[in-house]
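Subject: The structure I promised you

Hi,

Here is the structure we talked about, so please open it up and have a look around. My notes on what turned up come right after it.

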Amino acid sequence: MSLNGYSLPRSPLGEANLVPAPPWHYVGDFLVIDYWADPEAVAAVLPPGLEPLPDDPGACAALFVDWQSCSDGGEELTDPSRSQYKEFFVVVNALLDGEQVTTCPYIWVDQDFALARGWVQGFPKKLGDIWITRAFDLNVTAAPGLAAGSRIGGTCSARGRRLAEGCVTLTGPSDGGPVHNDAPLVNVRYFPRLAAGRHESPAVHELVRAKSYDRSISQVWEGDAELELFAAPGEEHAALAPTRVGKGYRFTFAYTIDDLESVRSYAAEEVSS
Ligand SMILES: CC(=O)CC(=O)O
């Protein structure tokens, strides 16, 4: 009898795995805030090979996302605790071989399957509580719709500490949408060893570029944004606190993932050096 499943725990029927096999289909309501942080703090979180963006070295975005996802067939959709999750993350901009890219140094998520699936893709996810003002199919006081003057908030906390708060007051439809999370995303897949003497020599250490298809996006609304990042024990994201806040954006975005591109193997370089 063999053990089956895409991820741990692998089991006789292959149904117990936390992350079912790709493709993974996603849709999410996004609250994105373009902002700038201290350029030195941005440079400090760049993985090897990424250089500060010469023209705009502090460009960052903060994203609160209310997600729904499923694998092929979509059976998780009618079992919502296996398909819904919320996230808060920061991306910073940089150059990779002369091309503008983004990378995610910090991200919190409220579901285990999305945490493990994120690690497979190189997102450094930790557990947190994330809340985002919801939209409903009625335009009532309790549900600020997509309309000028509506205020949409997001919060993230973890281990009893508030980590981030954002709010966007919508002013109208956006022509261009968010700018600071627009460039292609590269992340680092990293899995350490426990073998004595090899703790500094990870089993997996590579720079990867996200790939996706079947992308679709709703109309984008924009507005005036507020953003605060708060220090907490065991966290370093507050070094990327805003020095200036740009516009905020609200939209729905969908895509599918079943692949990524390996850009650079740090593990191979570590072995040969
Ligand atoms: C960004 C993500 O949400 C990634 C994932 O959970 O698969």
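Let me start at a single residue: Glu15 is exposed, because only 9 other C-beta atoms lie within 10 Å of its own, and the cut-off for exposed is 12 or fewer. You will find Glu15 in the segment before S1. From Glu15 to Leu53 is 38 residues along the sequence, yet 44 Å in space, C-alpha to C-alpha.

Before you read on, keep in mind that this is a predicted model. The average pLDDT of the protein is 97, and 99% of the residues score at least 70. For the complex, the predictor gives an ipTM of 0.96 and a pTM of 0.97. As a general caution, coordinates should not be read in detail where pLDDT is low.

Now the overall picture. The protein has 15 strands and 3 helices. Its C-alpha trace spans about 55 × 45 × 35 Å along the principal axes. The radius of gyration is 19 Å, which agrees with a compact globule, because one of 273 residues would come out near 19 Å. Buried residues account for 35% of the 273. If you take the contacts between residues at least 6 apart in sequence, 64% of them join residues at least 24 apart.

Next, the ligand. Which residues surround it? They are Trp24, Trp67, Glu87, Ala114, Arg117, Gly118, Gln121 and Phe123. By class, that shell is made of 4 nonpolar, 2 polar and 2 charged residues. Helix H2, residues 112-121, gives the most to the shell, with 4 residues.

H2 deserves a second look. Buried residues in H2 are Ala114, Leu115, Arg117 and Gly118; Ala114, Arg117 and Gly118 also appear in the list around the ligand. The cover over the buried residues of H2 includes strand S1 (24-36), S4, strand S5 (99-109) and strand S6 (125-127). Just after the helix, Gly122 has a positive phi of about 95°.

S4 runs over residues 84-96, and Leu96 belongs to it. Is Leu96 buried or exposed? Leu96 counts as buried, because it has 21 C-beta neighbours inside 10 Å and the cut-off is 20 or more. Leaving aside residues up to four places away in sequence, Leu96 touches Gly49, Leu50, Val101 and Val186. Ala238 is 142 residues from Leu96 in sequence, and the two are 25 Å apart in space, C-alpha to C-alpha.

On to the core. In soluble globular proteins, nonpolar side chains tend to be buried together. Here the largest nonpolar core has 55 residues, and Cys60, Leu63 and Val90 touch the most other members. If you want one place to start, try Leu63: apart from residues up to four places away in sequence, Leu63 touches Phe30, Val32, Phe88, Phe89 and Asn181.

Finally, a few backbone oddities. Most peptide bonds are trans, and most residues other than glycine have a negative phi. Where are the cis bonds I noted? One cis peptide bond runs from Leu8 to Pro9, with omega near -15°. Another joins Pro22 and Pro23, with omega about 5°. Pro9 is in the segment before S1, and Pro23 is in that segment too.

As for positive phi values outside glycine, Arg159 has a phi near 50°. Arg159 sits in the loop between strand S8 (151-158) and strand S9 (161-173). Arg159 counts as partly exposed, because it has 13 C-beta neighbours inside 10 Å. Asp214 also has a positive phi, near 50°, but Asp214 lies in a strand, S12, which covers residues 213-217. With 11 C-beta neighbours inside 10 Å, Asp214 counts as exposed.

If you only have a few minutes, I would look at H2 beside the ligand, where the helix gives 4 residues to the shell, and then at Leu63 in the 55-residue core.

Cheers

Definitions and conventions: Residues numbered from 1 in each chain as written. Predicted model: local features only at pLDDT ≥ 70, side-chain atom pairs only at ≥ 80, totals over all residues. Near = placed C-beta within 6 Å. Helix = DSSP H or I, 4+ residues; strand = E, 2+ residues; numbered from the N terminus. Nonpolar A, V, L, I, M, F, W, Y, C, P; charged D, E, K, R; others polar. Rg over C-alpha atoms; globule rule 2.2 N^0.38 Å. Contact = placed C-beta atoms within 7 Å. pLDDT = per-residue confidence, 0-100. Core = buried A, V, L, I, M, F, W, Y, C linked by C-beta atoms within 7 Å.
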